[in-house]
Amino acid sequence: MSNRVPKEWQEEVSQVLFDKVTIQKRIGELGKQLSADYQSRKPVLLGVLTGSFVFLADLIRAMTCDLEIRFMRAISYKGTESTGNVTIEGLEFLNIESRDVILVEDIVDTGLTLKWICDKLEELKPKSLKICTFLSKKTNKRRPDVPQIDYVGFECEDQFVVGYGFDCDQRLRQLDFVGIYNTNR
Ligand code: XMP
Ligand code: MG
């Protein structure tokens, strides 16, 4: 595994957490598993914008079963941790009634966003709803009412990550690795 942060990002990224090769290997495994689980079911992969778009793009190219893609948007507001609020956009045209849906998330932290999204999606009456997240944070802030996560790329420590879709103020999403953001700049 290559742990060196490329020179141009060294000021902002303190450490490589998952490098390109490690990520692509894991996505290959996930793609294989999902293809086997959803053979002949033409699942709808529903990406949560913005963070999941890189993961989703790689994941579908690792899948061999017939599938469809949709996107929605979730914006979390965390004024205080216990009374967080989530705004969800793009549900109107999802058309997922009676479909096998795989929700594709970038990261589950407290699980607040995931809980809100799943509650809304259940109202649209999918045939099934499974959750696939690229990262799952090991945190003691995980809420007890978070839906079960069915497919996880990697577990990570409770640190702020950037790259591979993850941003800091909308930047750094294009990195082909996941790194830890340097908060001491
Ligand atoms: P909750 O707490 O609702 O948070 O599970 C999930 C959402 O918070 C964002 N998030 C991050 N974004 N680096 C990021 O770029 C991080 O380390 C991180 N942790 C949480 C993300 O939008 C996710 O959907
Ligand atoms: Mg997000």
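Which residues does T110 touch, not counting residues up to four places away in sequence? In this predicted model, T110 touches K141, R142, R143 and V146 once those neighbours are set aside. The surroundings of T110 are taken up again below, after a view of the chain as a whole.

The predictor's own scores come before any geometry. The mean pLDDT of the chain is 94, and 95% of the residues reach 70 or more, while the complex is given an ipTM of 0.94 and a pTM of 0.94.

In terms of secondary structure, the chain is built from three helices and nine strands, and a reader who follows the sequence from its start meets them in the pattern β-α-β-α-β-β-β-α-β-β-β-β. The overall dimensions can be checked against a simple rule: for 185 residues a compact globule would have a radius of gyration near 16 Å, and because the chain has 16 Å, the two agree. Taken along the principal axes, the box filled by the C-alpha atoms is roughly 50 × 40 × 25 Å.

Several totals describe how the chain is packed and what its surface consists of. Of the 185 residues, 50% are buried, and of the contacts between residues at least 6 apart in sequence, 66% join residues that are at least 24 apart. The accessible surface comes to about 9900 Å², with 47% of that area belonging to carbon and sulfur atoms. As for charge, the chain carries 26 positive and 28 negative charges, and the mean positions of these two sets are 2 Å apart.

Turning to single residues, T110 sits in the loop between strand 5 (100-108) and helix 3 (112-123). Although T110 is in a loop, its relative accessible area is 14%, and it therefore counts as buried, the limit being under 20%. The contacts of T110 with K141, R142, R143 and V146 can be set beside its separation from N184, which is 74 residues away in sequence and 24 Å away in space, C-alpha to C-alpha.

G179 belongs to strand 9 (residues 178-181), and its relative accessibility of 0% is why it counts as buried. Leaving aside neighbours within four places in sequence, G179 is in contact with V13, Q15, V16 and L17, and also with F160, V161 and V162. Y164 lies 15 residues from G179 along the chain, and the C-alpha atoms of the two are separated by 8.7 Å.

The backbone also has some local features that a computational chemist may wish to inspect. The peptide bond from L49 to T50 is cis, with omega near 5°, and T50 has its place in the loop between strand 2 (44-49) and helix 2 (53-61).

Where is S40 found, and is it buried or exposed? S40 is found in the loop between helix 1 (20-37) and strand 2, and it is exposed because its relative accessible area is 77%, the limit being over 50%. Phi of S40 is near 65°, a positive value in a residue other than glycine. For S98, too, phi is positive and near 65°, again in a residue other than glycine, and S98 is located in the loop between strand 4 (85-89) and strand 5.

Technical notes: Residues are numbered from 1 along each chain as its sequence is written. Chains are lettered from A and ligands numbered from 1 in the order in which they are written. This is a predicted model: local features need pLDDT of at least 70, side-chain atom pairs count only at pLDDT 80 or more; totals for chains, interfaces and linings use all residues. Side-chain values use heavy atoms; hydrogens and water are left out. Helices (H or I, at least four residues) and strands (E, at least two) are DSSP runs, numbered from the N terminus. The radius of gyration is taken over C-alpha atoms; the globule rule is 2.2 Å times the number of residues to the power 0.38. Buried means under 20% relative accessible area, exposed over 50%, partly exposed in between (1.4 Å probe, protein chains only). Contact means heavy atoms within 4.5 Å. Accessible areas come from the Shrake-Rupley method with a 1.4 Å probe; for residues, only the protein chains shown count as cover. Lys and Arg count as positive and Asp and Glu as negative; His and the chain ends are not counted. The place of a charge is taken as NZ of Lys, CZ of Arg, CG of Asp or CD of Glu. pLDDT is the predictor's confidence in each residue, from 0 to 100.
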